[in-house]
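Got your viewer open and a cartoon view on screen? Then let's take a walk through this one, stop by stop.

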Amino acid sequence: MPAQSNAPVIIKRKKIIGGDGHHGGAWKVAYADFVTAMMAFFMLMWLLGATTEKQRKGIADYFNPTIPVVRASGGGSGAFGGDSVFSEDALTQNGTGAGLVRPTAERQARGDLGMSADNTQAEAGQETRTETLDDVQRALQGIGGESLISELLRRHIVTRLSDEGLVIELFETPGAPLFDAEGGASPLLRDLIASITPVLDLVVNDLAVQAHTRAIPLVRLDNPTWTQSTARADIARRILLDTGMPAERIARVTGFADRQPVTANPMAERNNRVEIVVLRENT
């Protein structure tokens, strides 16, 4: 080729594209999941720090119910075939639930199996319940759901399980007595007993009514707290009957005077209390 040439010089440049191209935004989904998990984590930490042990137990029971929450069936071809577990015709004989508070003799919906120990059918009209003393205590305290007792009245109620049964203690506080100066029942005591009567109706166990009084500062030959506590226990029994409690369920009425104080100071008003004991079946 001659040294002087008029041929054009062609330079070819190759275009290089960096990166691996578009990924479809999958990282955004992963990041959103991460942010959601962190938000849930910090919410959990906040709840643990801002609630009491009793409140945390209630929250845990809410998310882990031990009984069906909704009485209506969702229908369909699921495990129950569209039937409600509270139906008198389905899943009642094993104590799962019931549609009636007092079922018929043919369908003892609230019993374990509707059969006695010797595998014979329970007598007609006999009412059995699956609720236990723990269920009564949970209903009074509002664990796992809404309490049947108002917050104001619940300040005067303490429950505990003993060898004898479930003890429901109704006590007075300064400025809120259970009995008036003449020895009659105060409106507070009537409201307390009226509020717990529906809870006591969850079971058919017998009841014991007992009253305690605080000690008196005077030394007397005849201690009046014995007569006073016995009279108060009988007043509580009559209020129970007035609120619809069958008389057959009252097993005994007892006055303990000032012999069982619950405070270090035996003359404290906290010792004035009425106890309704839901007795165990073998008591």
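What follows is a list of stops, each with something to select and a note on what is there.

**Stop 1: the whole chain**

Before you click on anything, keep in mind that this is a predicted model. Colour by secondary structure and you should find six helices and five strands. Reading from the N terminus, the elements go α-α-α-α-β-β-α-β-α-β-β. The protein has 283 residues, and 31% of them are buried. Of the contacts with a separation of 6 or more, 58% are between residues 24 or more positions apart.

**Stop 2: the sheet**

Now show just the strands. Which order do they take in the sheet? The five strands line up as 1-2-5-3-4, in an open sheet with mixed pairing. Strand 1 and strand 4 (250-255) are the edge strands: each has a single partner, so one side of each has no neighbour in the sheet. Look along the sheet and you can see the turn from strand to strand, which averages 15° between neighbours, direction ignored. As background, strands of a sheet pair through backbone hydrogen bonds, either parallel or antiparallel.

For an antiparallel example, select strand 3 (residues 207-212) together with strand 5: six bridges join them. To find your place in that pair, pick L207, which sits opposite V278 of strand 5.

**Stop 3: helix 3**

Next, select residues 133-141, which make up helix 3. Which of its residues are buried? They are L133, V136, Q137, A139 and L140. Look down the axis: these residues take up an arc of only 160°, which puts them on the same side of the helix. To see what covers them, add helix 4 (151-154), strand 1 (157-161), strand 2 (165-171), helix 5 (187-200) and strand 5 (273-279), which are among the covering elements. Helix 3 lies across strand 1, strand 2 and strand 5, and runs at about 160° to strand 1.

**Stop 4: helix 5**

Stay with helix 5 for a moment. Helix 5 lies across strand 1, strand 2, strand 3 and strand 5, at about 160° to strand 2. Show its side chains and you can pick out the buried ones: L188, L189, L192, I193, S195, I196, T197, V199 and L200. If you like checking geometry, set a distance between the end C-alpha atoms. At 1.5 Å a residue, the 14 residues of helix 5 should span 20 Å, and the end C-alpha atoms are indeed 20 Å apart.

**Stop 5: the salt bridges**

Switch on side chains for the charged residues. Side chains of opposite charge can pair when their charged atoms come close. How many salt bridges does a search of the whole structure find? The search turns up eight.

Start with the network: select R160, E169, R270, R273 and E275, which are linked by salt bridges. Two of the pairs are worth zooming in on:

- E169 and R160 meet at 3.1 Å, N to O. E169 is buried at 2% relative accessibility, while R160 is partly exposed at 36%.
- E275 and R273 have their closest N and O atoms 3.3 Å apart. Here E275 is buried at 3% relative accessibility, and R273 is buried at 4%.

Then move to helix 6 (residues 225-242), where R238 and D234 are four residues apart, or about one helical turn. These two form a salt bridge with their closest N and O atoms 2.6 Å apart. Turn on a surface to look at their setting: R238 is partly exposed, with a relative accessible area of 40%, and D234 is partly exposed at 23%.

**Stop 6: two loop residues**

First, select E248, in the loop between helix 6 and strand 4. Buried or exposed? E248 is exposed, with a relative accessible area of 68%. Now add D206: the two are 42 residues apart along the chain, yet their C-alpha atoms are separated by 7.9 Å.

Last, go to A257, in the loop between strand 4 and strand 5. Most residues other than glycine have a negative phi. A257 is not a glycine, but its phi is positive, at about 55°. A257 is also buried, with a relative accessible area of 0%, so hide the surface before you look for this residue.

Note on methods: Residues are numbered from 1 along each chain as its sequence is written. This is a predicted model: local features need pLDDT of at least 70, side-chain atom pairs count only at pLDDT 80 or more; totals for chains, interfaces and linings use all residues. Side-chain values use heavy atoms; hydrogens and water are left out. Buried means under 20% relative accessible area, exposed over 50%, partly exposed in between (1.4 Å probe, protein chains only). The arc is that of the directions from the helix axis to the C-beta atoms. Contact means heavy atoms within 4.5 Å. Two strands pair if DSSP finds at least two bridges between them. Axes are lines fitted to C-alpha atoms, for helices over the stretch in contact, and angles run from 0 to 180 degrees between N-to-C directions. A salt bridge is a side-chain nitrogen of Lys or Arg within 4 Å of a carboxyl oxygen of Asp or Glu. The expected span of a helix is 1.5 Å times one less than its number of residues.
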